[in-house]
Structures are given as structure tokens and as C-alpha cells.
Amino acid sequence: MAVRGIRGAIVASADQPDAILSATRKLIDEIMRANPALTAEEIASAFFTTTQDLTSAYPAQAVRESGWREVPLLCGQEIPVPEGLQHCIRVLIHWNTDLTQAEIRHVYLGRARKLRPDLTDLEGGEKQP
């Protein structure tokens, strides 16, 4: 069994705890939907980052509250790239799976789609292999 990475990102509406936690839940829900075989028990760890303008809550709190109690979680801050996307939450999930990397579905929602246009179609939905 290999460890595969799942990437995702979303933009929070504001630097407020409810906005950060809600956006994080939406992102994780969409990642789980896009990767139906994914379960919390198979997640080796998850690393969340936020842009420097999001400081009122830890994104990991949202998934901890939704049941990822035994998954090692870590939060950090993105580097401040000029002209970078603001209010952005990113995640890298390390998944123990027999799937190939090509079978993993990454999820970029809303304005965060511009971070990886190669992974999403013009409507912003999931790009098919």
C-alpha cells in the first residue's frame, strides 16, 4: 500500500472562525465526495495552510470536530506571495491507499480553482482523467 497525496483549496469569506471552519468543512466534504474510498482511518496525516490574512481559527479544528479524532493534523501559514490569493485555505492529505496517484481526485473550489486550472474544467467541476 502506498501513501498518496490529495490536494485541495478553498477561499474563506472572511477572517472569522465560522467562515474558516465552514469553508474547511466544505472543502473536506468535497474531497471525500470526490474520493469515495477515502476514510478517516486510512488517512496518515493532513497538513492545512492558510494565507497570512486568516488567523482567527485553525482549519484543522473543523475536521477534528467532524470526527477525524485520531488523524494527525497540522496547520501552518503559506508564504506571502505578492498578488497571491487572499483568505485561502489549502490542504494536503496523506492517504494510505492502493489507488494510483492518477486515480486521486484533487479539489479546488470557488476562487481557489485558479490555483490549479489544470485539475478543473471550465465550469469549476472535477476534471476527468
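This tour moves from the sheet to the helix packed on it, and then to one loop.

The model is predicted, so local features require pLDDT of at least 70 and side-chain atom pairs pLDDT 80 or more, while totals for chains, interfaces and linings use all residues. Residues are numbered from 1 along each chain as its sequence is written, and side-chain values use heavy atoms, without hydrogens and water.

**The sheet.** Begin with the five strands (DSSP E runs of at least two residues, numbered from the N terminus). They form an open, mixed sheet in the order 3-2-4-1-5, where pairing requires at least two DSSP bridges between two strands. Strand 3 and strand 5 (107-108) are at the edges with a single partner strand each, so one side of each has no neighbour in the sheet.

Next, select strand 2 (residues 43-50) and strand 4, which run antiparallel and are joined by seven bridges. Ile43 is opposite Trp95 in strand 4.

**The helix.** Add helix 1 (residues 17-34), which packs on the sheet and touches strand 1 (2-11), strand 2, strand 4 and strand 5. Touching here means heavy atoms within 4.5 Å.

**The loop.** Move to the loop between strand 3 (73-77) and strand 4 (88-97), and select Glu83. Most residues other than glycine have a negative phi. Glu83, however, has a positive phi of about 65°. Glu83 is exposed, at 80% relative accessibility (exposed is over 50%, buried under 20%, partly exposed in between; 1.4 Å probe, protein chains only).

Finally, select His87 in the loop between strand 3 and strand 4. The phi of His87 is also positive, near 55°, and His87 is partly exposed, with a relative accessible area of 22%.

Definitions and conventions:
Helices (H or I, at least four residues) and strands (E, at least two) are DSSP runs, numbered from the N terminus. Axes are lines fitted to C-alpha atoms, for helices over the stretch in contact, and angles run from 0 to 180 degrees between N-to-C directions.
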